[in-house]
Amino acid sequence: MKPKHLLSDYLNGRISGEELRTWLAKDTSREARETLAILNVDDSCHRALLDFAPPTDAPERLADKVGTVESWVESADKADESRPSKSWLSRLIPALDVAGHSKPGKLQRKRKKPVTHKKGSKPATRKKTRPPKKRSTRTKKKT
Amino acid sequence: MSTTRPPPKKTWHAPERVKGWFISQTRAEGIPPVFVREWLGEVVNVYYRVLYSIAYGYVRNHSSAEDLVQTAVMKALQAMTRLREPEAIVGWLAAITRNTCLEEVRRKKGKFGEPMETVVSLENARKIDINLFETQQLVLEAINSLPENQAVAVRLRFLEDCDLDEIAERLGLRKNTVEVRIHRALSTLAKKPTLRALRGTSQ
């Protein structure tokens, strides 16, 4: 049997890794060596990732929150507006913070643009809001 | 990372009601109904390990990986109406997670490194071998370097211990397609120099 077919059998679970190894031990062809390399990498990756797991109970909490998303999305969003908005998502992510890593968004004030004058033009002058005082029409009597 | 074994396999099918919602033309954009969200929650719960492994392979940082999975699930929830086949949800979630990670890596220019003290404290807390810790990172990075369609099949094989039939079912593909993808992925991984060293130590 060719190594290619043996590998297919192994991937389909018809033969075990050990059986495949014993079959390939008899074969010295390049194809057999390549198949053995594939078997080895499959085995070692499988073993390495066997213990890999997320460290917290985040999956259950995330799943629960996905299910109950409506209770924590503000009513204004869910009223009649069916189209999702960017603000919807930006409010959703901190609310979903199961891991506790998201930071609240900071309010940024707009900077005032510095007043610049065009070349050759006069600087802007403050308008007078108060009407100018009327000069008294009275004249002092000469004594 | 705990030293627990992977959770027992769960039978996975989209309920008829959920399938009906996906088929119906009347589904409006916005937050999906409760039964669809509950189903998504179940899928996330079952496949959290796979999604987390994608993120961890990119950022090498536990807290960032958790945040990225959370963001990806939220994006998926928002884009639920665009998914055509509920059978393909695992691959779809994996693709969203991967894209979210790539965006974040591009934004932060790859500055995700976990400080060494954190690594050591994690190691002490979970009683795991530091070599295993590094090995897992190597393997996850190697898997992330594969094309997406191969990577997701291999992840399901390694992390969820699925056979070809189960992978085909979860990804909405034919069994032969899955076999070819896994074969190609394993051939590529076998040629990686980083994994060659790992192979030498594992035997």
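**Entry 1: helix α1 of chain B**

I began with the outward side of α1(B): the exposed residues B:E16, B:R17 and B:I23 sit on the face turned away from its buried side. I am working from a predicted model here.

Next I looked up the buried side. Helix α1 spans residues 16-23 of chain B, and B:V18, B:W21 and B:F22 are buried in it. These residues lie on the same side of α1(B), because the arc they cover around the axis is only 100°. I also wanted to know what covers the buried residues of α1(B). My lookup gave α2 of chain B, residues 34-59, as one of the elements included in that cover.

**Entry 2: chain B as a whole**

I then stepped back to the full chain. I counted ten helices and zero strands in chain B, so to speak a plain read-out of α-α-α-α-α-α-α-α-α-α from the N terminus on. Chain B has 203 residues, and 52% of them count as buried. For its accessible surface I noted about 9500 Å², with 52% belonging to carbon and sulfur atoms.

I looked at contacts too. Taking those in chain B between residues at least 6 apart in sequence, I found that 70% join residues at least 24 apart.

**Entry 3: cysteines**

How many disulfides does a search of the whole structure find? I got zero over all chains. While there, I checked the accessibility of two cysteines. A:C45 has a relative accessible area of 0%, so A:C45 is buried. B:C162 comes out at 5% relative accessibility and therefore counts as buried, since the cut-off for buried is under 20%.

Notes. Residues numbered from 1 in each chain as written. Chains lettered and ligands numbered in written order. Predicted model: local features only at pLDDT ≥ 70, side-chain atom pairs only at ≥ 80, totals over all residues. Heavy atoms only, no water. Disulfide = S-S within 2.5 Å. Buried < 20%, exposed > 50% of the residue type's maximum accessible area, 1.4 Å probe, protein only. Helix = DSSP H or I, 4+ residues; strand = E, 2+ residues; numbered from the N terminus. Arc of directions from axis to C-beta. Contact = heavy atoms within 4.5 Å. Areas by Shrake-Rupley, 256 points an atom, 1.4 Å probe, with all protein chains shown as cover.
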